[in-house]
Amino acid sequence: MKIIMLGAPGAGKGTQAKKIAAKYDIPHISTGDIFRANIKSGTDLGKKAKTFMDQGLLVPDELVVDLVVDRVGQDDCSKGYVLDGFPRTIPQAEALDAALAKVDQKMDYAINVEVPDENIIQRMSGRRACVDCGATYHIVYAPTKKEGICDNCGGSLILRDDDKPETVQKRLGVYHEQTQPLIEYYTDKNILVEVDGTIDINDVFTEIVKVLGE
Ligand code: ADP
Ligand code: ADP
Ligand code: ZN
């Protein structure tokens, strides 16, 4: 099962992608996580990506396409995978489709998690990320057992630099301009699934499972 998560920044793509990956036992591939890991370890890719991410802009297509195409070609992806944060532009989607077509494959579902802009800014200001393992929480909707401490690994939680309101506003603009056209792209391919992302995290997941199957 090969799945794409679509949605605005903060819609809940990562939250649902992790649940899908666990239930269906497929890898969760988050380009944002890959970039943040590269920034943390100081690679060239990380240095290049950071200048764009800090401004709320997309990293150029050429820095992300090969990375994802390589990743989905690895052995652990043979049963499928869930892509979170990729594709984010039409050229990225076309490059992915072209790479898959070469090996006689195609994506099965593009799940669009719908959340209106008004909800996003508020949601993002409450998002917290673990500095060590990258796990994501929310101070109100998905709190940790102990405030400020990751349930998963005991690491400390931070507000991501790009989750400050000014940058979120910028990212939303970029989303509408560059990423939203993918909804039509995948509608035309007959693989788009719409889910309401404003309901409770577990209820969103129930809706997704109804489509993907038990
Ligand atoms: P969110 O989970 O809030 O949607 P991500 O963690 O997916 O954010 O991405 C953080 C940042 O990383 C983006 O704002 C963008 O700068 C960069 N990024 C991640 N994936 C891509 C991609 N597929 N194409 C271009 N830039 C990307
Ligand atoms: P994305 O990957 O699309 O940027 P996340 O999965 O990181 O989004 O979710 C953004 C924030 O909103 C996180 O703090 C997360 O815990 C919270 N969140 C995710 N889904 C929901 C939901 N259905 N209701 C309330 N909060 C949510
Ligand atoms: Zn952690």
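In which sense do strand S5 (residues 127-130) and S6 pair, and over how many bridges? The sense is antiparallel, and there are three bridges. The legends below cover this pairing and other close-ups of a predicted model.

**View 1. The S5 and S6 hairpin.** Strands S5 and S6 form a hairpin. Five residues lie between the two strands. Gly134 sits in the turn, with a positive phi of about 80 degrees. Across the pair, Arg128 has Tyr137 in S6 as its bridge partner.

**View 2. Strand S7 beside S5.** S5 also pairs with strand S7 (residues 157-158). Two bridges join S5 and S7, and the strands run antiparallel. Ala129 has a bridge partner in S7, namely Ile158.

**View 3. The open sheet.** Five strands make up an open sheet, and their pairing is parallel. Reading across, the order is S2-S3-S1-S4-S8. Strand S2 (28-30) and strand S8 (192-196) are the edge strands, each paired on one side only. From one strand to the next, the twist averages 20 degrees.

**View 4. Strand S4 and its two partners.** On one side, strand S4 (residues 109-114) is joined to S8 by five bridges. These two strands run parallel. Asn112 stands opposite Glu194 in S8. Strand S1 (residues 2-6) also pairs with S4 in the parallel sense, over four bridges. Here Asn112 appears again, as the bridge partner of Leu6.

**View 5. Helix H2 on the sheet.** Helix H2 (residues 31-41) packs on the sheet. The helix touches S2 and strand S3 (81-84). The direction of H2 makes about 65 degrees with that of S2. H2 also takes part in the surroundings of ligand 1, giving four residues, the largest share of the shell.

**View 6. The surroundings of ligand 1.** How many residues surround ligand 1, and which are the closest? There are 21, and the closest are Thr31, Leu57, Gly85, Arg127 and Arg171. By class, the shell holds nine nonpolar, five polar and seven charged residues.

**View 7. Polar contacts of ligand 1.** Lys13 approaches with its side chain: an N or O atom there is 3.0 Å from an oxygen atom of ligand 1. Val59 uses its backbone instead, with a polar atom 3.0 Å from a nitrogen atom of the ligand. In Gln92, a polar side-chain atom lies 2.9 Å from a nitrogen atom of ligand 1. On its own, ligand 1 has 560 Å² of accessible area, and the protein covers 96% of it.

**View 8. The surroundings of ligand 2.** Around ligand 2 there are 20 residues. Gly10, Thr15, Arg127, Tyr137 and Ile199 come nearest. Arg127 is also listed among the closest residues to ligand 1. By class, the shell around ligand 2 has nine nonpolar, seven polar and four charged residues.

**View 9. Polar contacts of ligand 2.** Three backbone positions appear in this view. A polar backbone atom of Gly10 is 2.8 Å from an oxygen atom of ligand 2. For Lys13, a polar backbone atom is 2.8 Å from an oxygen atom of the ligand. Lys13 also has a side-chain N or O atom 3.0 Å from an oxygen atom of ligand 1. At Ile199, a polar backbone atom is 2.8 Å from a nitrogen atom of ligand 2. The protein covers 94% of the 560 Å² of accessible area that ligand 2 has on its own. Helix H1 (13-24), strand S6 (136-138) and helix H9 (201-212) are the elements that give two or more residues to this shell.

**View 10. A cis peptide bond at Pro87.** Is the peptide bond from Phe86 to Pro87 cis or trans? The bond is cis, and its omega is near -5 degrees. Pro87 lies in a loop, with S3 on one side and helix H5 (90-102) on the other.

**View 11. A positive phi at Asp25.** Asp25 is not a glycine, yet its phi is positive, at about 55 degrees. This residue is found in the loop between H1 and S2.

Note on methods. Residues numbered from 1 in each chain as written. Chains lettered and ligands numbered in written order. Predicted model: local features only at pLDDT ≥ 70, side-chain atom pairs only at ≥ 80, totals over all residues. Heavy atoms only, no water. Pairing = 2+ DSSP bridges. Axes fitted to C-alpha atoms, helices over the stretch in contact; angles between N-to-C directions. Contact = heavy atoms within 4.5 Å. Near = heavy atom within 4 Å. Polar contact = N/O pair within 3.5 Å; in protein donor to acceptor, adjacent residues only side chain to side chain. Areas by Shrake-Rupley, 256 points an atom, 1.4 Å probe, with all protein chains shown as cover. Nonpolar A, V, L, I, M, F, W, Y, C, P; charged D, E, K, R; others polar.
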